[in-house]
Amino acid sequence: MRAIQILVAVATASSAMAAAAGPFGLNQGDTAEAIGKLAPLKQGTQPGLYIAGSLPQGHQDLDSYWLVIAPGEGLCKINAWTPNKKTSVYGDEVQADFKRWQEALTSKYGAPKKFDFLRVGSIWSEPRDWTMGLARKERTLAAFWEIPASEGGDVGSIKVQAVAVNSGNFTIGLTYELRNIDACLQSLSSKKNANL
């Protein structure tokens with residue numbers, strides 16, 4: 001009987017941990033070594049940056065995950081990307097895909113602050129220039145969620161943003177900043193500047 005109680009307790013604890021897991025099954029403070037046991041990681045071009053093509057609890061419409069992991073702080077930021085997709089110069093496909101991601105996140109985190117504008121004075125102001133304006137970083141299509149600490153969990157903020165590679169291709173990026181982001185970035189900055 002005691003063995004059954006122990007098994008039930010372990011199963012309950014495992015279920016609680018899985019339920020409490022953060023985005024894509026990752027948690028604030030996870031180390032590169034721990035995440036590397038779940039998915040192959042490549043060292044990025046900057047200190048603390050690791051890249052994975054997939055994660056065990058990743059999203060089927062995402063094909064790249066960039067993780068910021070600092071010594072002593074662990075995981076603090078997740079950038080995830082859709083594959084590059086084709087769009088018209090009018091940006092119809094970009095806007096439809098962005099809306100789908102925004103709605104999915106809204107159903108979980110509530111209404112975001114949305115930014116959809118063209119910079120004043122941009123020459124890419126015609127409807128047929130929509131995607132080129134995005135590619136030239138003169139147009140913004142993004143949504144932000146600030147998650148109150150009172151709601152618990154590791155996620156402090158989320159951003160979904162449309163990014164145009166050129167006038168015919170785009171990707172959607174999701175960024176999750178965890179609550180240890182400030183300490184994490186400070187740790188990476190200190191390490192980078194240690195030899196000055």
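This briefing covers helix α3, its salt bridges, the nonpolar cores and the confidence of the model.

The structure is a predicted model, with a mean pLDDT of 89 over the protein and 88% of its residues at 70 or more. Within this model, helix α3 spans residues 92-109, and its buried residues line one face of the helix. Two residues of that helix, D97 and R100, also belong to a salt-bridge network together with D61 and K85.

**Helix α3**

- The helix has 18 residues and reaches 25 Å from its first C-alpha to its last, a span close to the 26 Å expected at 1.5 Å a residue.
- V94, D97, F98, W101, Q102 and L105 are the buried residues of α3; viewed down the helix axis, these buried residues fall within an arc of 135°, and so they line one face.
- An α-helix has 3.6 residues a turn, so residues three or four places apart point the same way.
- On the face turned away from the buried side of α3, the exposed residues are K99 and S107.
- The packing partners of the buried residues of α3 include the strands β5 (85-86), β6 (113-118) and β7 (139-146), and they also include β8 (155-166), β9 (169-178) and the helix α4 (130-135).
- After α3 comes G110, which has a positive phi, near 90°.

**Salt bridges**

- Side chains of opposite charge can pair when their charged atoms come close, and the count for this model comes to five salt bridges.
- K85 and D97 form one such bridge, in which the closest N and O atoms are 2.8 Å apart; this pair links distant parts of the chain, since K85 lies in strand β5 and D97 in helix α3, 12 residues apart.
- The two partners differ in their exposure class, as K85 is partly exposed with a relative accessible area of 26%, whereas D97 is buried with a relative accessible area of 8%.
- D97 also forms a salt bridge with R100, where the closest N and O atoms are 2.9 Å apart; R100 and D97 are three residues apart in helix α3 and are therefore separated by about one helical turn.
- R100 counts as partly exposed, at 36% relative accessibility.
- E103 and K99 meet through their side chains in a salt bridge of 4.0 Å, N to O; because these residues are four apart in helix α3, about one helical turn separates them.
- E103 is partly exposed at 47% relative accessibility, while its partner K99 is exposed.
- Through shared partners, salt bridges join D61, K85, D97 and R100 into one network.

**Nonpolar cores**

- In soluble globular proteins, nonpolar side chains tend to be buried together.
- The largest nonpolar core in this model has 36 residues, of which V160 and L174 touch the most other members.
- Leaving aside residues up to four places away in sequence, L174 touches L62, I78, N79, A80, W101, L105, K159 and V160; among these, W101 and L105 are buried residues of α3.
- Another core, of six residues, lies apart from the largest one, and its members include V68, A70, C76 and L188.

**Confidence**

- Over residues 1-19 the pLDDT is below 50, and this stretch has zero contacts in the model beyond near neighbours in sequence.
- Where pLDDT is low, the predicted coordinates should not be read in detail.

Conventions: Residues are numbered from 1 along each chain as its sequence is written. This is a predicted model: local features need pLDDT of at least 70, side-chain atom pairs count only at pLDDT 80 or more; totals for chains, interfaces and linings use all residues. Side-chain values use heavy atoms; hydrogens and water are left out. Helices (H or I, at least four residues) and strands (E, at least two) are DSSP runs, numbered from the N terminus. The expected span of a helix is 1.5 Å times one less than its number of residues. Buried means under 20% relative accessible area, exposed over 50%, partly exposed in between (1.4 Å probe, protein chains only). The arc is that of the directions from the helix axis to the C-beta atoms. Contact means heavy atoms within 4.5 Å. pLDDT is the predictor's confidence in each residue, from 0 to 100. A nonpolar core is a set of buried Ala, Val, Leu, Ile, Met, Phe, Trp, Tyr and Cys residues joined through side-chain atoms within 4.5 Å.
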